[in-house]
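This report goes through the fold of one protein chain, from buried segments to helix packing and unusual backbone angles. Please keep the sequence and the model at hand while reading.

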Amino acid sequence: MAKIFDAAEVAKHNTPESCWVILYGHVYDVTNFLSSHPGGAKIILKLAGQDATEDYDPVHPPGTLEDNLKPEAKLGSVSKESLEKAKAQAASKAAPSPPPTSGEQLLPLHALLNLDDIEKEGTKRISKKAWAYYFSAADDHISKEHNNRVFKDIIMRPRVFVDVTKCDTSTTILGYKVNSPIYVSPAAMARLAHPDGEHGIAKACANYGVMQIVSNNASMTPEQIVEGASPEQLFGWQVYVQNDRTKTEDMFCRINAMRDRYKFICLTLDAPVPGKRELDERGSIDNNEVVEAAGNPGAGKRPGGGGVGQQLFFGTAADLNWKETLPWIAKHTDLPVVLKGLQTHEDVYLAAQHAPQVKAVILSNHGGRAMDTTSPAIYTLLEIRKYCPEVFDKIEIWIDGGIKRGTDVVKALCLGAKAVGVGRAGLFGLGAGGQAGVERMLEILQTETTATMRLLGATSIPELGPKYVNTRKVERDIYDGEDGLDRRGFWTKSKL
């Protein structure tokens, strides 16, 4: 018979030598797990002897406990009455929350008119920890800000006297029909924003017929996220390859079993190590306590615990390469591969040589969250057009980063992008109103995209092309060196 503990007894086990926590009404001895916890021991020790469910639940999908703790670590359950008493005592000692200022008035979703409104409203409603993780970018946020600013330097060239009564934004992605070229990029820890989490994003995407790429670090299981989805809905699964390859191989097996839902693997390449996201890290600094840098053994000691981003990257492999990684993936799944995070025309050219295993690439600088001062995706898109336009016929080119308006979407499509992704917008949409907030975000962006096309004089996606945009100002800043390409053997000629 399982033992029932009094909450006061559990509270005594709050040291590194004896660390217990309460999760979902059960008591766990996590002492032996402290040294291997991806986020470091400090995060657990802050909650030692307490009910950690509220902190644990939004960032860990079901099954995490079972995967990381031995069965004997589950000691029993906690008395419900004693737990409620302990919570009441803690609440009475806590400082009262300050009342909201007049500037924090909550708005209904219909009053949010653009993606900046969505972000502002989501920020009001989510925790400071969630905001710091979602909003943060590397170093001085130069890449993050440039991602959006560069779109403003591209000028539209509308054609008039065109019948635009009807406008069709449907297209195909990897051969699958979607209602819009807009998609939701992989973004981790969605339940930090709202309990609807990634499943709420999936249902919103279903209602608008758009694709969703699910984060490797989702706060729900792959199965939960696609529950109830129709076979026509398009999902991809993002992969960060782990140092322990068996973990990634096991995930490939799981996704293979759901290939009627997950149609491709999205391999992220632009963050072999985490970027320095100072806003996120500040949330983990506690009285200058010195701890080991999360996910970076041997880096020495430094203040702070690294933040959510550092924790999520623990165990991520930094040894991926063109020669070995794609053949290894092919051994474990025959799903098509989309390479995410390419930032030069040379790498896009190399990716095209791995078709048909590689079906598409995503031009992205990780939303400015990896290396700061890197090129916006539009720069790379223009590089491709300048140095190796032949790749457009070989693989699909998608982009993400800095998309805030329908005009941004259309400009990218005019320059050859097949699909255009938004990441943070989905998370802030969740924060603003759960699934309904994500739907409002997609409604705004889709409506703006349709209006832009009609004002431009285009009534379908295939009509869009470079004749509709003036990129002269941006072209002055793109790479202007040697092409660095070896075209020998790039095209395989048919033997007739």
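How many of the nine residues of helix α17 (residues 406–414) are buried? Eight of them are, and the helix is mostly covered. The buried residues of α17 are Gly406, Asp408, Val409, Val410, Lys411, Ala412, Leu413 and Cys414. Just after α17, Gly416 has a positive phi of about 115 degrees.

**Overall content**

The model is a predicted one. The chain has 496 residues, and 52% of them count as buried. Its secondary structure consists of 19 helices and 19 strands. Among contacts with a separation of 6 or more, 75% join residues that are 24 or more positions apart.

**Nonpolar cores**

In soluble globular proteins, nonpolar side chains tend to be buried together. Here the largest nonpolar core contains 98 residues, and Val361, Leu363, Ile378 and Leu464 have the most contacts inside it. Helix α18 (residues 424–456) supplies twelve residues, the largest share of this core. A second core, separate from that one, has 15 residues, including Val30, Leu34, Leu47 and Tyr56.

Beyond its neighbours within four places in sequence, Ile378 is in contact with Val150, Phe151, Ile154, Ile399, Ala412, Leu415 and Val474. One of these partners, Ala412, is also among the buried residues of α17.

**Three buried positions**

Another partner of Ile378 is Val150, a residue of helix α8 (residues 142–152). Not counting residues up to four places away in sequence, Val150 touches Pro376, Ile378, Tyr379 and Val474. Val474 is thus listed as a contact of Val150 and also of Ile378. The C-alpha atoms of Val150 and Gly402 are separated by 8.6 Å, although the two residues are 252 residues apart along the chain.

Val10 belongs to helix α1 (residues 7–11). With residues up to four places away left out, Val10 touches Phe5, Trp20, Ile22, Val27 and Gly49. From C-alpha to C-alpha, Val10 and Asp51 are 9.4 Å apart in space and 41 residues apart in sequence.

Gln212 sits in strand β10 (residues 211–214). Is this residue, Gln212, buried or exposed? Gln212 is buried, because its relative accessible area of 2% is under the 20% cut-off. Apart from neighbours within four places in sequence, its contacts are Val184, Glu198, Ile201, Ala202, Cys205, Ile225, Leu234, Phe235 and Gly236.

The table gives accessibility for these residues and for two loop residues discussed further below.

| Residue | Relative accessible area | Class |
|---|---|---|
| Val10 | 0% | buried |
| Val150 | 1% | buried |
| Gln212 | 2% | buried |
| Leu174 | 18% | buried |
| Tyr24 | 42% | partly exposed |

**Helix pairs**

Helix α18 also takes part in a helix pair. The axes of helix α6 (residues 115–125) and α18 come within 9 Å and cross at roughly 165 degrees. The two helices, α6 and α18, are therefore roughly antiparallel to each other, since angles over 145 degrees count as such. The crossing of α6 past α18 is right-handed. From α6 the contact involves Leu115, Ile118, Glu119, Glu121, Gly122, Thr123 and Arg125; from α18 it involves Ala425, Phe428, Gly429, Gly431, Ala432, Gly437, Arg440, Met441, Ile444 and Leu445. By class, the residues of the contact of α6 with α18 are eight nonpolar, five polar and four charged.

The axes of helix α11 (residues 245–256) and helix α14 (residues 325–332) also come within 9 Å, and they cross at roughly 50 degrees. The helices α11 and α14 are therefore oblique to each other. Here too the crossing, of α11 past α14, is right-handed. Arg245, Thr248, Glu249, Phe252 and Asn256 of α11 meet Trp328, Ile329 and His332 of α14. The contact of α11 with α14 divides into three nonpolar, three polar and two charged residues.

**Backbone details in loops**

Tyr24 lies in the loop between β3 (18–23) and β4 (26–29). Although Tyr24 is not a glycine, its phi is positive, at about 55 degrees. Leu174, in the loop between β7 (171–173) and β8 (176–178), is a non-glycine residue with a positive phi near 55 degrees. Tyr24 is partly exposed, whereas Leu174 is buried.

Pro356 is in the loop between α15 (345–352) and β16 (358–363). The peptide bond from Ala355 to Pro356 is cis, with omega near 10 degrees.

Note on methods. Residues are numbered from 1 along each chain as its sequence is written. This is a predicted model: local features need pLDDT of at least 70, side-chain atom pairs count only at pLDDT 80 or more; totals for chains, interfaces and linings use all residues. Side-chain values use heavy atoms; hydrogens and water are left out. Axes are lines fitted to C-alpha atoms, for helices over the stretch in contact, and angles run from 0 to 180 degrees between N-to-C directions. Helices (H or I, at least four residues) and strands (E, at least two) are DSSP runs, numbered from the N terminus. Angles under 35 degrees count as roughly parallel, over 145 as roughly antiparallel, 65 to 115 as roughly perpendicular and the rest as oblique. A crossing is left-handed if the near helix is turned anticlockwise from the far one by less than a right angle, and right-handed if clockwise. Contact means heavy atoms within 4.5 Å. Ala, Val, Leu, Ile, Met, Phe, Trp, Tyr, Cys and Pro count as nonpolar, Asp, Glu, Lys and Arg as charged, and the others, Gly among them, as polar. A nonpolar core is a set of buried Ala, Val, Leu, Ile, Met, Phe, Trp, Tyr and Cys residues joined through side-chain atoms within 4.5 Å. Buried means under 20% relative accessible area, exposed over 50%, partly exposed in between (1.4 Å probe, protein chains only).
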